[in-house]
2 protein chains.
Amino acid sequence: MTPDRRSEAAWDLVRDRLHAEGLRWTPQRRTLVQVLSGTRGHITGSEVVERCRELDPTTTPSTVYRTLDVLEELGYVSHHHGIDGREEYHVLPTDEHGHLHCHGCGGSWEILPSEADAIAGMLDAGRSFTVDRSHITITGLCAGCTAATSGNGA
Amino acid sequence: MTPDRRSEAAWDLVRDRLHAEGLRWTPQRRTLVQVLSGTRGHITGSEVVERCRELDPTTTPSTVYRTLDVLEELGYVSHHHGIDGREEYHVLPTDEHGHLHCHGCGGSWEILPSEADAIAGMLDAGRSFTVDRSHITITGLCAGCTAATSGNGA
DNA sequence: ATTAATGCAAACGGTTTGCACTACT
DNA sequence: AGTAGTGCAAACCGTTTGCATTAAT
């Protein structure tokens, strides 16, 4: 139904999926799929546009966003809003997981499934809230930035 | 240093704080403070503008955003990006806490300090990441929406 | 009088849309 | 040929900025 969540080869089938839906396989879509298949985790809309432009400078934002919509309907990506305030697309072949965001260095770490489970379990136990494990985003300071912050003034 | 985290009366001191910094107390700022003092938790920039306009229809966005910056420097509010993709301001007199966001009904619940502690502790233990407990935002489905979703098709 | 703050209007960045044109099928 | 998809350019929304004006001090 949705593409194999593991293999990047799932992208090879996009063309056929499109055809199966009566949709078309165009150079622009090829470019976009090329970008997405080389992306792990998430990426913002404008980043997608940017990367597509590296491959094909004639890339147009509207086409990218529209195709992203189509791919979302086919189950290849999903989008929501990220901490940086822009549309953020999740590329599906990646394992679903939450993120830890350091506002010191801007770095990002994955929240392990076991951790997500623990968090989800705790919150669910208290009030029957079903946590969306793939979208947990927690901010703070990573080890490095914590040290830097507490060590010297700045 | 920063205003008393508990009493809303802290807002009464804004005027003096401004004066102490050589800044001015204007009708527009009075309106904004009125809105903020009646706000618990968080609010987006455009919502602030909207509410100020209810009190004073002549309110201008630029003034609101600029004053919000000033108040942030004074420690009355802090801002970051919310799940809905817009600037989100935290009004400080409120207890600091994270939120649970239901994307079924759009509702929002507070994450208890004890829960935040547990989450922060777990994440810190694994990789020395210092969680910002006041900004934990977790999405999912609340009890009501979970039932609605699994119960009947829609 | 001084200069912080305001209001306007225009700019910005990311995203969306209408429409005529192109090109996959 | 027929219609999905494209590119352009303009619109949108929330936010930011420059600048001349207003007003708190």
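**View 1. Arg66(A) reaches a base of DNA strand D.** In this predicted model, a polar side-chain atom of Arg66(A) sits 2.9 Å from a base oxygen of DNA strand D. That is a polar contact, meaning a pair of N or O atoms within 3.5 Å; within protein, one must be able to donate a hydrogen and the other to accept it, and residues adjacent in sequence count only if both atoms are side-chain atoms. Two further partners meet the phosphates: an N or O atom in the side chain of Arg29(A) is 2.3 Å from a phosphate oxygen of DNA strand D, and a polar backbone atom of Ser46(B) is 2.8 Å from a phosphate oxygen of that strand.

A word on the model: it is predicted, with local features needing pLDDT of at least 70 and side-chain atom pairs counting only at pLDDT 80 or more, while totals for chains, interfaces and linings use all residues. Residues are numbered from 1 along each chain as its sequence is written, chains are lettered from A and ligands numbered from 1 in the order in which they are written, and side-chain values use heavy atoms, leaving out hydrogens and water.

**View 2. The protein surface near DNA strand D.** Here a residue is near a strand if one of its heavy atoms lies within 4 Å of it. There are 22 residues around DNA strand D, and Gln28(A), Arg29(A), His19(B), Ser46(B) and Tyr65(B) come nearest. At least two residues each come from helix H2 (27-37) and H4 of chain A, and from helix H3 (45-55) and H4 of chain B. Helices (H or I, at least four residues) and strands (E, at least two) are DSSP runs, numbered from the N terminus. H4(A) gives the most, with 4 residues. Sorted by class, this surface has 4 nonpolar, 11 polar and 7 charged residues; Ala, Val, Leu, Ile, Met, Phe, Trp, Tyr, Cys and Pro count as nonpolar, Asp, Glu, Lys and Arg as charged, and the others, Gly among them, as polar. On the DNA side, 70% of the strand D atoms within 4 Å of the protein belong to sugar or phosphate, and the rest to bases.

**View 3. The protein surface near DNA strand C.** Which residues come nearest to DNA strand C? Of the 20 residues around this strand, they are His19(A), Ser46(A), Tyr65(A), Gln28(B) and Arg29(B). H4(B) gives the most to this surface, with 4 residues. The surface divides into 3 nonpolar, 10 polar and 7 charged residues. Of the strand C atoms within 4 Å of the protein, 67% belong to sugar or phosphate and the rest to bases.

**View 4. Polar contacts to DNA strand C.** The side chain of Arg29(B) has an N or O atom 2.4 Å from a phosphate oxygen of DNA strand C. Ser46(A) uses its backbone, with an N or O atom 2.8 Å from a phosphate oxygen of the strand. A base is met too: an N or O atom in the side chain of Ser62(B) lies 3.2 Å from a base nitrogen of DNA strand C.

**View 5. Two copies laid on each other.** A turn of 179° and a shift of 0.1 Å along the axis lay chain B on chain A with an RMSD of 0.1 Å, superposed by least squares on the C-alpha atoms of residues with pLDDT of at least 70 in both. The two copies are therefore related as by a two-fold rotation axis. Both use the same surface, as 100% of the contact residues of chain B recur in chain A; contact means heavy atoms within 4.5 Å.

**View 6. Thr31(B) in helix H2.** Is Thr31(B) buried or exposed? Thr31(B), in helix H2 of chain B, is buried, with a relative accessible area of 11%. Buried means under 20% relative accessible area, exposed over 50%, and partly exposed in between (1.4 Å probe, protein chains only). Not counting residues up to four places away in sequence, Thr31(B) touches Cys52(B), Leu55(B) and Asp56(B).

**View 7. Strands E1 and E3 of chain A.** Strand E1 (residues 42-44) pairs with E3(A) in the antiparallel sense over 3 bridges; two strands pair if DSSP finds at least two bridges between them. Ile43(A) has Tyr89(A) in E3(A) as its bridge partner. Strand E3 (residues 87-91) is mostly covered, with 4 of its 5 residues buried.
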